[in-house]
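Student: Please take a close look at the cross-links in this chain, beginning with one half-cystine and its partner. I would like the disulfides and the salt bridges treated together, in one connected answer.

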Amino acid sequence: MSKHSGRRRFLLSAASFVFGIAIVAILFIGGGWWLLAHPETPVPSHWNPLRALKVTAPVTPVTRYQLNRALANPAQCRATLAEAGVDFDAMEDLVVDENCGIIGRGRLSALVTSDVKAVETSCATTLRLAMWEHHVVQPAAQDLLGKQVSRLQHVGSYNCRQIRTAQDQGSGWSSHATADSIDIVGLQFADGRSLTLLSDWGNEGPEGVFLREIWQGACDWFRVVLGTDFNRLHANHFHLQGPGWGYCR
């Protein structure tokens, strides 16, 4: 066998191997897609990227993808909230001008477990809030305080205004101008007790630990979270914002 013939056979063998691997990969991917897409798939919905988000399902590596898909589609967002029992009454979109308005507008009055004072906000903000309430707030309340949160207290979501700074100067438009954020000031529990950020944030007992844990946990579901230590304008509330580059302070 000549040197060139041996080299040619080696290259053909290598090409055949790569081609074989490609065919196997295609068959595997195709089979996997069929398995996920089949109506009677054994893959649980919270592990299946082709299935819709369920707010109350366990969190998996697939949850983020499902959430982003629901956030991008107001109809799917509303369906996800309805399936979870969230009281969100859809309204016509609000269009004020290029800076203010609400896409996916609705009136929120109850989350999965806790109530809220009726507030006009977006479906996207409501969905993020529902995920935070179910997967962070309620578990932390049970683990640290042995009780259930019955009500989230807020000071609003939509407000057509510019960003407020510590120097009281506007700097662009606030995420409140599009209802992409909501401000939480406290929580009430099933036994009638309540906590407020203004009074209880510095508490060194379990109540303070609870507030710090739900603040940090909010960063898993909102892209911008500003707590009471951020500046004097946030001394009494958590600013929970959907859009952003990822900032938890």
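Tutor: Cys100 has a relative accessible area of 3%, so the residue counts as buried, the cut-off being under 20%. The model is predicted, and every value below is computed from it. The partner of Cys100 in a disulfide is Cys160, with the two sulfur atoms 1.9 Å apart. Cys160 has a relative accessibility of 33% and is therefore partly exposed. One end of this link is thus buried, while the other end is partly exposed. The torsion about the S-S bond of Cys100 and Cys160 is about 80 degrees, which means that the disulfide is right-handed. In sequence the two cysteines are 60 residues apart. Cys100 sits in the loop between strand S2 (94-95) and strand S3 (101-102), and Cys160 sits in the loop between strand S6 (149-154) and S7.

A disulfide is a covalent bond between the sulfur atoms of two cysteines. The count for this structure is three disulfides.

Another of them joins Cys77 and Cys123, whose sulfur atoms are 2.1 Å apart. The torsion about this S-S bond is about -105 degrees, so the disulfide of Cys77 and Cys123 is left-handed. The pair links distant parts of the chain, as Cys77 belongs to helix H3 and Cys123 to helix H4 (residues 123-145), 46 residues apart. Cys77 and Cys123 are both buried.

A further disulfide connects Cys219 with Cys248, at an S to S distance of 1.7 Å. With 55 degrees about the S-S bond, the link of Cys219 and Cys248 is right-handed. Cys219 is in the loop between H6 and strand S9 (224-226), and Cys248 is in strand S11 (residues 247-248), so this bond ties together parts that are 29 residues apart in sequence. Cys219 is partly exposed at a relative accessible area of 22%, and Cys248 is partly exposed at 38%. If the bonded cysteines of the chain are numbered in sequence order, the pairing reads 1-3, 2-4, 5-6.

Now the salt bridges. The structure holds five of them. One is formed by the side chains of Glu83 and Lys54, with an N to O distance of 3.6 Å. Glu83 belongs to helix H3 (residues 74-84), and Lys54 to the loop between helix H1 (3-37) and helix H2 (63-71), so the contact ties together parts that are 29 residues apart in sequence. Helix H3 therefore carries Glu83 of this salt bridge, and H3 also holds Cys77 of a disulfide. Glu83 is partly exposed, at 43% relative accessibility, and Lys54 is partly exposed as well, with a relative accessible area of 35%.

Glu120 and Arg105 form a salt bridge in which the closest N and O atoms are 3.0 Å apart. Glu120 is in strand S5 (residues 115-122) and Arg105 in strand S4 (residues 105-110), and this pair, 15 residues apart, links distant parts of the chain. Glu120 is partly exposed at 22% relative accessibility. Arg105 has a relative accessibility of 16% and counts as buried, because the limit for that class is under 20%. A network of salt bridges links Arg105, Arg107 and Glu120.

Glu207 and Arg193 also meet through their side chains in a salt bridge, at 3.9 Å from N to O. This distance still qualifies, because the cut-off is within 4 Å. Glu207 lies in helix H6 (residues 206-218) and Arg193 in the loop between strand S7 (181-189) and strand S8 (194-196), so the contact ties together parts that are 14 residues apart in sequence. Glu207 counts as buried at 16% relative accessibility, whereas Arg193 is partly exposed, with a relative accessible area of 46%.

Helix H6 takes up the last part of this answer. Besides Glu207, the buried residues in H6 include Gly208, Phe210, Leu211 and Ile214. Trp215, Gly217 and Ala218 of H6 are buried too. The helix has 13 residues, which at 1.5 Å a residue should span 18 Å. The end C-alpha atoms of H6 are 18 Å apart, so the expected span and the model agree.

Key:
Residues are numbered from 1 along each chain as its sequence is written. This is a predicted model: local features need pLDDT of at least 70, side-chain atom pairs count only at pLDDT 80 or more; totals for chains, interfaces and linings use all residues. Side-chain values use heavy atoms; hydrogens and water are left out. Helices (H or I, at least four residues) and strands (E, at least two) are DSSP runs, numbered from the N terminus. Buried means under 20% relative accessible area, exposed over 50%, partly exposed in between (1.4 Å probe, protein chains only). A disulfide is a pair of cysteine sulfur atoms within 2.5 Å. The expected span of a helix is 1.5 Å times one less than its number of residues.
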